[in-house]
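Hi,

Here is the structure I said I would pass on. Have a look at it first, and then read on for what I found in it.

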Amino acid sequence: MSSLLVSDARVLTPTGTLPGGWVAVRDGRIEAIGPAATRPPSDLPERLVVDGAWVLPGFLDVHGHGAVGFDTMDADPVGLEAIAAHQARHGVTGFLPTTWTASHGATMAALETIADLHGRALAGATVLGAHMEGPYLNPRRCGAQDQRDIRPADPDEVAAYLATGVVRLITLAPEIAENLALVHTCREAGVTASIGHSDATFDEVRAAVAAGVRHATHTGNAMRPLHHREPGTVGGVLDHPEVRAEVIADGIHVHPALLRLVHAVKGSDGLLLVTDAIGATGLPEGPFDIGGRTVEVRDGAVRLPDGALAGSVLTLDRALRTLAAATGLGVEHLWPTVSRTPARAIGVDDRKGSLIPGADGDLVVLDDDLQVLATVVGGRLVHRAAPPRPPEPGGPRPEPTADPTPEPRPLTAGPAGG
Ligand SMILES: [Zn+2]
């Protein structure tokens, strides 16, 4: 349990922006937030002065498989910690390690590893539970998921998964009768049912929402597309305001125009950004092995040999920058898409996703270009951007990319005083 005062910040609260404001975290929770004209508590042991940078609730990623060479399906606690640290370097303070379609044994092993780390203080983001992406999908919309292990929901198998106590989100194809029955089970268990990898018609989406579906997995990808006479899964997701829509905002999975359109329909309380990141995230581009299959990572895209997209190498800070570029809106409008909306989606909004007194002390500090300067989890500074390095004389200039990453400004931090 840590305590920290963040000051000279543009603090984004649910009721507006506080320029020159401060956030006091005591024993892991937000004690108070104040505007420039007010005095923060003077007895907090650590202080982070952010020189006018944005301070937001920490990002929450409800759909991420891996990073830096590790995958949730490895069922390796060391790997999960490495993923958590990578996520924190990109502003994420809480995440749901996400399983792929796999055998019962492999899925149980992954869930039990998540249970071991669930809620613990790590050197990075907190593991908030598990997102099960499969195995209860539609083989016709399997995407990169292994068709051989896709199966209809079996109540006994589901009971074993839910008994681990960590499942918060299940992606399923509700047009399959056994999976529609699982929606009811999820509702009773307090688990969010998400439509995804689905070939549901508009009418089937309506039936799924009536049964309790409230979430859509990577909207636009691996789902029946929109047709003007048969709006399909995409049209059904857009037309039901009670369904929160994930989007992989890497500029590749979904065209910027559709990203803009989803935001226009859903708003920042209905759209949530996810990474769907695989183990290749944070590594150099090239071939990468996922579950025995080789994918190619090139120009920021992950593809199977047939050209199909197979997850992403996206980070959530870049997703936010992509959404800002697509919509032309500022972070003061968009911050819920990476914090409050995912918090509501998995039912942790009573303590995460908004900067309010009593909430967990999970913060991210961003500069004007929405680059991450620092990440705070439970009042602990778990990541801080390196100060800018002087350019090497005569050295090679980095190639410009679609998402230029300027060197962030350094922050000042140290013991409180004055
Ligand atoms: Zn995924």
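Where the two domains meet, 17 residues of domain 1 are in contact with 23 residues of domain 2. On the domain 1 side, the elements that give two or more residues are β5 (54-57), β21 (363-366), β22 (372-377) and β23 (380-384). Of these, β22 provides the largest share, three residues. Sorted by class, this side of domain 1 has 10 nonpolar, five polar and two charged residues. Bear in mind that you are looking at a predicted model.

As for where the domains lie, the domain assignment gives domain 1 as 4-56 + 357-415 and domain 2 as 59-345. So that you can place them in space: their centres, taken over C-alpha atoms, are 28 Å apart.

Two of the strands I just mentioned are worth another look. β22 and β23 run antiparallel and are joined by four bridges. One pair to find is T375 and its bridge partner in β23, H383. The two strands form a hairpin with two residues between them, and G378 in the turn has a positive phi of about 55°.

G378 comes up again if you go to G28, which sits in the loop between β2 (16-26) and β3 (29-34). Once its neighbours within four places in sequence are left aside, G28 is in contact with M1, S2, D360, G361, G378 and G379. Try the distance to P357 as well: G28 and P357 are 329 residues apart in sequence, yet 11 Å apart in space, C-alpha to C-alpha. Is G28 buried or exposed? Neither, quite: it has 17 C-beta neighbours inside 10 Å, so G28 counts as partly exposed.

Now over to the helices. Six of the eight residues of helix α6 (residues 232-239) are buried, so this helix is largely enclosed by the rest of the structure. The buried ones are G232, T233, V234, G236, V237 and L238. What do they pack against? The list is β13 (192-195), α5 (202-211), β14 (215-216), β15 (244-248) and α7 (256-266).

That last helix, α7, also packs against helix α8 (residues 316-327), at an angle of about 85° and with the axes 9 Å apart. An angle of 65 to 115 degrees counts as roughly perpendicular, and α7 and α8 are therefore roughly perpendicular to each other. From α7, the contact is made by P256, L259, R260 and H263, and from α8 by L323, A326 and T327. Those residues divide into four nonpolar, two polar and one charged.

One more thing to look at is an open sheet of four strands, in the order β17-β18-β19-β20, with antiparallel pairing. Its edge strands are β17 (286-290) and β20 (309-312), each of which pairs on one side only. From one strand to the next, the twist averages 35°. At the β20 end, two bridges join β19 (residues 301-303) to β20. If you want a residue pair to start from there, take R303, whose bridge partner in β20 is L309.

That is what I have for now. Happy to go through any of it with you.

Cheers

Definitions and conventions
Residues are numbered from 1 along each chain as its sequence is written. This is a predicted model: local features need pLDDT of at least 70, side-chain atom pairs count only at pLDDT 80 or more; totals for chains, interfaces and linings use all residues. A residue is buried if 20 or more other C-beta atoms lie within 10 Å of its own, exposed if 12 or fewer, and partly exposed in between; C-beta atoms are placed from the backbone. Two residues are in contact if their C-beta atoms, placed from the backbone, lie within 7 Å. Domain bounds come from an automatic or database domain assignment. Ala, Val, Leu, Ile, Met, Phe, Trp, Tyr, Cys and Pro count as nonpolar, Asp, Glu, Lys and Arg as charged, and the others, Gly among them, as polar. Two strands pair if DSSP finds at least two bridges between them. Axes are lines fitted to C-alpha atoms, for helices over the stretch in contact, and angles run from 0 to 180 degrees between N-to-C directions. Angles under 35 degrees count as roughly parallel, over 145 as roughly antiparallel, 65 to 115 as roughly perpendicular and the rest as oblique.
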